[in-house]
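Work through the exercises below with the structure open. Try each task before reading its solution.

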Amino acid sequence: MSSEKPEIPNSLNEHWMPFSSNRDFKENPRLITEAKGVYLKNHQGQTQIDASSGLFCNPLGHGREEIINAITNQLKKLDYAQPFQQGFGGSFELATRISKHTPGNLNRIFYSTGGSDAVETAIKISIAYHKAKGQGERFRIVGRERAYHGMHIGGTSVGGMVNNVKTFASVLMPGVVHMRHTHLPEHKFVSGQPETGAELANDLERICANFGSENISACIVEPIAGSTGTLVPPKGYLQRLREICDKHGILLIFDEVITGWGRTGSPFASQEYGVTPDIMTMAKATTNGIVPMGAVACKEEIYDAIMENSPKGAIELFHGYTYSGIPIAVSAALAVQDIIEKEDIFKRAKEMSPYFQKGLMSLKDLDAVDNIRGYGMMGGIDMKMDKKPGAAGFTTFKHCYDAGINFKATGDCLIIAPMFICEKKHIDEIIDKLRTGITNYSKSKKN
Ligand SMILES: Cc1ncc(COP(=O)(O)O)c(C=O)c1O
């Protein structure tokens with residue numbers, strides 16, 4: 001990385017930052033100026049290890065020449081092609097390559113511009129499918145507590161993280177019902193899938209009994225609840241959801257925006273847990289986080305039903321985005337596909353997972369730590385609550401940042417999601433720096 005002194009903007013006032021404590025940040029900014037491989041550099045010139053792959057989106061590392069070259073070449077040749085009623089070859093090639101990795105026959109790929117759009121698309125496709133099958137009364141969507149499905153109205157409605165929901169209660173989508181989350185008190189310090197809790201899936205059966213299964217369009221879950229802090233599904237839980245959906249003709253949607261593209265060691269969590277949904281979302285790592293892009297993979301029969309419901313020549317689904325599968329995003333995603341193949345990325349993630357999980361659990365002895373969970377290349381460390389929820393998490397994050405490690409904290413949970421290109425020495429560095437940051441946090445409380 002270069003040793004030039006980075007510039008700090010003259011004013012921080014105008015940019016209203018997303019999901020940030022704007023006032024706190026502007027008093028004491030944290031600006032990232034450079035990124036290469038697993039490392040970042042901040043405006044103070046400090047090098048940090050990126051322990052969350054950005055926001056779970058850069059698992060192949062920063063500054064990948066292959067992706068930069070692919071984007072540059074694409075932009076020189078064709079910078080934009082409108083995606084409605086016309087297109088360009090790359091988006092079709094990419095869909096074919098994505099469908100080689102999706103489970104079952106989820107081979108019909110609809111592009112979005114990110115995860116939130118993918119979730120809206122998945123919900124709308126479920127509604128359109130039932131309508132096409134003559135079951136337009138299926139309007140309800142079942143979500144789950146502690147879920148994160150992006151920040152559009154549909155995703156906010158089916159999501160279940162209270163701070164994301166409460167301000168917007170008056171505008172949420174009607175007809176949404178939530179199952180309980182899967183985190184039980186006995187799941188403390190469990191690495192991998194908990195043995196207990198599969199029966200929580202029966203909440204879906206109760207919702208069917210209470211609201212009428214004939215009114216329910218879809219049930220949407222993250223196979224591993226990511227943003228809330230890595231809640232790993234209990235053994236048998238996803239299988240049970242699948243059975244209940246099949247019994248009642250409800251579509252099962254897996255939101256794999258975080259878990260997709262290798263986070264569990266398999267291409268998708270669906271394959272890792274042996275449960276095939278009807279619809280699946282992906283985003284983030286699809287382009288290694290470099291260009292906004294998401295996608296929804298659907299079973300062929302869903303696509304077929306929606307096609308057959310419209311006369312030939314008509315638009316079959318009135319839905320899409322200006323930036324659905326545009327050249328710059330597609331070129332990045334195709335380069336990602338090449339890297340996945342060339343570097344056997346899923347295998348690499350799978351092989352590194354036990355080492356990472358062991359390292360994570362080694363932090364159990366720290367007094368300030370309340371719980372640790374994890375699966376594959378993702379994990380959550382719950383800090384013991386301080387005066388109010390979120391205070392311990394945010395203060396620890398800042399101590400870790402100063403110690404040279406960067407990640408995302410949600411509430412009191414530190415979310416760790418290393419890059420798949422990490423070597424053992426990088427995992428060791430992540431764990432060592434977490435220990436330093438958490439220890440410094442504890443010391444600061446004693447002073
Ligand atoms: C499971 C899940 N769904 C949807 C989203 C929203 O994605 P985006 O921020 O790209 O809109 C996220 C983002 O973290 C996510 O984790």
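Two residues are in contact if their C-beta atoms, placed from the backbone, lie within 7 Å. Keep in mind that this is a predicted model.

**Exercise 1. Place Asn58**

Task: find which residues Asn58 touches, leaving out those up to four places away in sequence.

Solution.
- Step 1: locate the residue. Asn58 sits in the loop between H2 and helix H3 (65–77).
- Step 2: apply the contact rule. Asn58 touches Ser53, Asn288, Gly289 and Met419.
- Step 3: check burial. A residue is buried if 20 or more other C-beta atoms lie within 10 Å of its own. Asn58 has 25 such neighbours, so it counts as buried.
- Step 4: compare sequence and space. Gly37 is 21 residues from Asn58 along the chain, and their C-alpha atoms are 9.5 Å apart.

**Exercise 2. Two phenylalanines with positive phi**

Task: decide for Phe19 and for Phe56 whether the residue is buried or exposed.

Solution.
- Step 1: recall the background. Most residues other than glycine have a negative phi.
- Step 2: read the angles. Phe19 has a positive phi of about 40°. Phe56 also has a positive phi, of about 65°.
- Step 3: place both residues. Phe19 belongs to the segment before helix H1 (22–27). Phe56 lies in helix H2 (residues 53–56).
- Step 4: count neighbours. The limit for exposed is 12 or fewer C-beta atoms within 10 Å. Phe19 has 11, so it is exposed. Phe56 has 25, so it is buried.

**Exercise 3. Trace the strand pairings**

Task: start at strand E6 (residues 176–179) and E5, and follow the pairings to strand E9 (residues 279–282).

Solution.
- Step 1: pair E6 with E5. They run parallel over four bridges. Val176 in E6 is the bridge partner of Ile141.
- Step 2: move from E5 to strand E7 (residues 216–221). This pairing is parallel, with three bridges. Here Val142 stands opposite Cys219 in E7.
- Step 3: go on from E7 to E8. Four bridges link them in the parallel sense. Val221 faces Phe254 in E8.
- Step 4: note the connection. E7, helix H9 (residues 237–248) and E8 form a right-handed β-α-β unit.
- Step 5: finish at E9. E8 and E9 run parallel and are joined by three bridges. Phe254 stands opposite Met280 in E9.

**Exercise 4. Sort the strand residues by side**

Task: state which residues point each way from E5 and from E8.

Solution.
- Step 1: take strand E5 (residues 140–144). Arg140, Val142 and Arg144 point one way, and Ile141 and Gly143 the other.
- Step 2: check burial in E5. Five of its five residues are buried, and the strand is mostly covered.
- Step 3: take strand E8 (residues 251–255). Leu251, Ile253 and Asp255 point one way, and Leu252 and Phe254 the other.
- Step 4: check burial in E8. Five of its five residues are buried, so E8 is largely enclosed by the rest of the structure.

**Exercise 5. Describe the ligand shell**

Task: say which residues come nearest the ligand, and which helix gives the largest share of the shell.

Solution.
- Step 1: pick out the nearest. Of 14 residues around the ligand, these are Gly114, Gly115, Ser116, Gly150 and Val257.
- Step 2: find the main contributor. Helix H5 (residues 115–132) gives the largest share, three residues.
- Step 3: sort by character. The shell holds five nonpolar, seven polar and two charged residues.

Definitions and conventions. Residues are numbered from 1 along each chain as its sequence is written. This is a predicted model: local features need pLDDT of at least 70, side-chain atom pairs count only at pLDDT 80 or more; totals for chains, interfaces and linings use all residues. A residue is near a molecule or strand if its C-beta atom, placed from the backbone, lies within 6 Å of it. Helices (H or I, at least four residues) and strands (E, at least two) are DSSP runs, numbered from the N terminus. Ala, Val, Leu, Ile, Met, Phe, Trp, Tyr, Cys and Pro count as nonpolar, Asp, Glu, Lys and Arg as charged, and the others, Gly among them, as polar. Two strands pair if DSSP finds at least two bridges between them. A crossover is right-handed if, with the strands pointing away from the viewer, the path from the first strand over the helix to the second runs clockwise.
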